[in-house]
Structure formats: C-alpha cells, structure tokens
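Opening my notebook on a structure that is new to me. I want to look up how its strands are arranged and where its pockets lie.

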Amino acid sequence: MTTTTISTQNLCRNYGSHTAVRDINLQLQRGEVLGLLGPNGAGKTTTMRMLTGNLAPSAGSIEICGVDLLDKPQEAKARLGFLPEIPPLYQDMTVDEFLLFAARLHRISKPKIHTALGDVKQRCGLEDRGRYLIGTLSKGFQQRVGIAQAIIHDPDVIILDEPTVGLDPNQMREIRKLIRELGVSSSVILSTHILSEVESICDRVQIMHKGSVVFDQTMAELQRQGTSLEMVFTQLTQ
Amino acid sequence: MIVTIIRKELNMLFTSPLAWILLALIQLILTWAFLGRLDAFLEIQAQLLQIENPPGVTETIISPVFAMAAIVFLMVTPLLSMRLLAEERRNHTLTLLMSAPISMADIIMGKFLGLMIFFAMIIALIVALCMSLLLGGAIDFGLLLSNTLGLLLVAACFSALGLYISSLTAQPVIAAIGALGVLLGLWVIDLAAGETNQWLHFISLLKHFERFNQGLIDTLSIAYFILFMTTFLILTIHRLDGERLHG
C-alpha cells in the first residue's frame, strides 16, 4: 500500500527580506526514507521546523496524512515525531519520567502507555537506563532518548535533524539500523552532512542549496546512472 | 492535556531543592510574624477589653500575617516563575512542547496552574497556621476567607506577570530580575503616589489586596485582578505564537 504521508506545496519562508527557503514541493510515501542534504545554511533546519509546526511558513501548505498542518495543527502534529538538532531533553528527569511525559503529551491512552514505553526503550536500546537521570547519560544515550521521544507514539512521519551527530561509529551504526527499521512502517525525513549515511539508509535524496531543492532523485536511479552522490553534491553546491 | 503539563511542572518544581527551601523559608518567616503578633496581642489584650467594640484576634493577628504574606509572595514569585519558559527555551525543550499535539494556550495555562497549585499549598499552610488560634478562642471566618481569596488572586497576578516576563528571554536570571523589578515597581507606585494621585493607587496590585485584607470583597478589585491576570496570560500566548510566526 503506498499512501502519501507528507506533502508540501510551494513552501516558502522569509526572514525579513531574506528568503531562507523557497518553493519546496515534497511528496513522501509510507515506507520511504528521505535524506535531506545541503551545506550549512541551506535551509534544511528551517524546512524541518516548518514541517513540524515549530515555524509558520510565509507561503505554501503542508499536509500530514491528508490533514492540513496549518488548519488543524493538533490533529496533524499527533502523526508527527520530531528530533531537533539539539535533543529536547529535561536534564533533571529520569529516562522513564521523560518518556512517559512525551507519551502523555502525544496522547497515548493510559492503558497503552506502559507497553509503548517498554517497546520504545527496547527499540532504542534503553532497557536498563530507565532510572538514570538524563543529565548523567552520555551523548549517545541522550541522542537515543531524543529518538525514543520522537517515535514513542508510533507516528506516520518521523523527522530527524542530524540524528547521528556526535556519536561514535558503533552508535552510528545502531542508530542507522534503527532508522532503517522505522522506515519500514513510517516515512522518515533525515538531514545529515554524512553522504555515506544517505547512501546506506535512504531511498531518496534531496539536496538543498540556498533555500531551494536543487536535486531530487531516488537512490536506485542514482545507482543505475553510476554517479556518486559526492560528485553531485560538490557540483551543485559549489 | 493541561493536566499533563501541570503534572510535569509540579514534578520539576519538587525535584529541585528550590521549592522545598522556599516552602520552609516562607513558613518560617510567616510563623515568626504570626508569633510576634500573637505576643503583642496578648500584651495589649487587657487594654483592648476596656475600649468599646475592640478589634478581634483575627484583625490583630491574621490580617497582618496575610499582608506580610503578600509582600513575601511578591519577592518569591520571580524565583518560581523565572524558569517556566526561559529555561525551556535555554534547554531547547520548548521545541518538544511546540511539536506536540497541544495548543499554546494549554501549555501556558498548564504552567500557570502548576504554579498556582504550589501557591495554593502555601496559602493552605498559612490558613492552617491561623486555624491554630481556634485552640484559644473564636476567629472571624469571613475575614479569613476574604484574606485567603485576596492572597490567591494576588498570587495569580504575580504568576501571570512572571510567566510573561519568562517568555521574553532565554535567561532565567534575567526573567527573575525583570519580574522582580516590575512587581516592585507596582508596589512602589502605591507608596509614591500619595494622596493626590488617586488614579495611581488603582494600578497598584497591593492596594487592591488591602481591601481584601480589611475584609472587603470588592468586585472592582476582583475585576482588576482578573483583568490583569488574563492580560498577561494572553500576552504570553501571543508572544510564543509570534515566535512561531516570525522565527
């Protein structure tokens, strides 16, 4: 079954006279992992913040599973999971407390809440960290808690802003595996600077430069043409 | 959804030592004032009996304690309200709330009510303190009620203002100093106004509280408190919405 989970039309965002993002048209199917690439300041984070309702677009529309994000923000946001660049964690809470709060915030009903918590902890490898204070965890574990927070309510669209920054190679591999798994049942958008990451986990790649999408192709097509992502990236963004 | 936010706020408040220290300090200060007044009352009791229609125990002990409590709240509110939004912003956790399926009004009301529950606890302790006078005689429950109501409303106004100032910055300390400055300003206006500038008295929160303190439940004052509180809550919601719109 292929259904569109997220679609945007002519998404624009201006800061004063400066245009940060212009004319983003995005269609994503269930089970697709989209890699968002681009040099710093290309507008990746701005796009992601708009997609998650943290920033209002200057023009254009966003639909999450057919629900307009601007018209019915709460209904649309219930289907979204978001991990921002800096994971939003309360340092004084334990992992369990924090995840339960995130679950309640995302309206998981009371009877299901503890199964959801157990599930997500198992998926993110946090089983034995439930009682730890978030502030005492290492960067890698904090990142996992951040991801757990984004997926605890089983969202249709998962948006991850640089999820593997600051992780060691083993942790990176685990997180990538997790993202791959998530991409089976949901749509995932992830931004990154690591080209090999995109090559290994994404179905599709978009490259942004100066606020516009300059490249949009499936990985399969890219492989068929035999062009390397790095070459395309340097050509388009230099 | 509001309940989720309230629970989280109270949870955060009571895991930090700040709340406990403040609870203990406030109780210490007010009990001290209470005992001081009680002592004074016992000393002049004999003389009071000689005048016609003498002031009762409620007027001489409880009212001054509540007046003192209002001043203490004025000092304490900035400490409690500073972290509400400023810290969320500094720790980048505001994003979590904003991307969750919850309206801005729910977030703000949850934070506000969480703080109000804390204040209600302090007020309950003060009322319990006053109730201890029942051991020695009768107290005027009407006056106690008007004082309790007044203190609750004044605390609500302080909290709403503190919450708004906390939404303006990412630095809790600046939020605290800002809120304290504005609250002190509102107090001093009353002292500075004197008899000539009557309208200045109208702005002062504590002047309105004085009426409740004397046992007068004045609809004008209630209206002023509610207006003050709603204004700042709406401004806070507006401010956060604006952030989403303007970046």
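Sheet first. In this predicted model, I find 6 strands of chain A in an open sheet, ordered E6-E7-E8-E3-E9-E10, with mixed pairing. Strand E6 (80–83) and strand E10 (212–218) of chain A each have a single partner strand, so one side of each is left without a neighbour in the sheet. On average, I read a turn of 15 degrees between neighbouring strands, direction ignored.

Next I checked one pair. Strands E7 (residues 157–161) and E8 (residues 187–191) of chain A run parallel and are joined by 5 bridges. There I see A:Ile158 opposite A:Val188 of E8(A).

Then the helices on the sheet. Helix H5 (residues 139–151) of chain A touches E6 and E7 of chain A, and its direction makes about 165 degrees with that of E6(A). Helix H9 (residues 229–237) of chain A lies across E3, E9 and E10 of chain A, at about 25 degrees to E9(A).

Now the pockets. The largest pocket holds about 380 Å³ of space. Of its 15 lining residues, I note A:Arg49, A:Asn54, B:His92, B:Leu94 and B:Thr95 as the closest to its centre. H4(B) gives the most to this lining, with 3 residues. I sort the lining into 5 nonpolar, 5 polar and 5 charged residues.

The second largest pocket has about 330 Å³. Which helix gives the most to its lining? I find helix H2 (residues 17–50) of chain B, with 7 residues. This lining has 12 nonpolar, 5 polar and no charged residues.

Technical notes: Residues are numbered from 1 along each chain as its sequence is written. Chains are lettered from A and ligands numbered from 1 in the order in which they are written. This is a predicted model: local features need pLDDT of at least 70, side-chain atom pairs count only at pLDDT 80 or more; totals for chains, interfaces and linings use all residues. Side-chain values use heavy atoms; hydrogens and water are left out. Two strands pair if DSSP finds at least two bridges between them. Helices (H or I, at least four residues) and strands (E, at least two) are DSSP runs, numbered from the N terminus. Axes are lines fitted to C-alpha atoms, for helices over the stretch in contact, and angles run from 0 to 180 degrees between N-to-C directions. Contact means heavy atoms within 4.5 Å. On a 1 Å grid over the protein atoms alone, a cavity is a set of points where a 1.4 Å probe fits but cannot get out, and a pocket is an open set with protein on both sides within 12 Å along at least five of seven lines; lining residues have an atom within 4 Å of a point. Grid points are joined across faces, edges and corners, and a volume is the space filled by probe spheres set on the points. Ala, Val, Leu, Ile, Met, Phe, Trp, Tyr, Cys and Pro count as nonpolar, Asp, Glu, Lys and Arg as charged, and the others, Gly among them, as polar.
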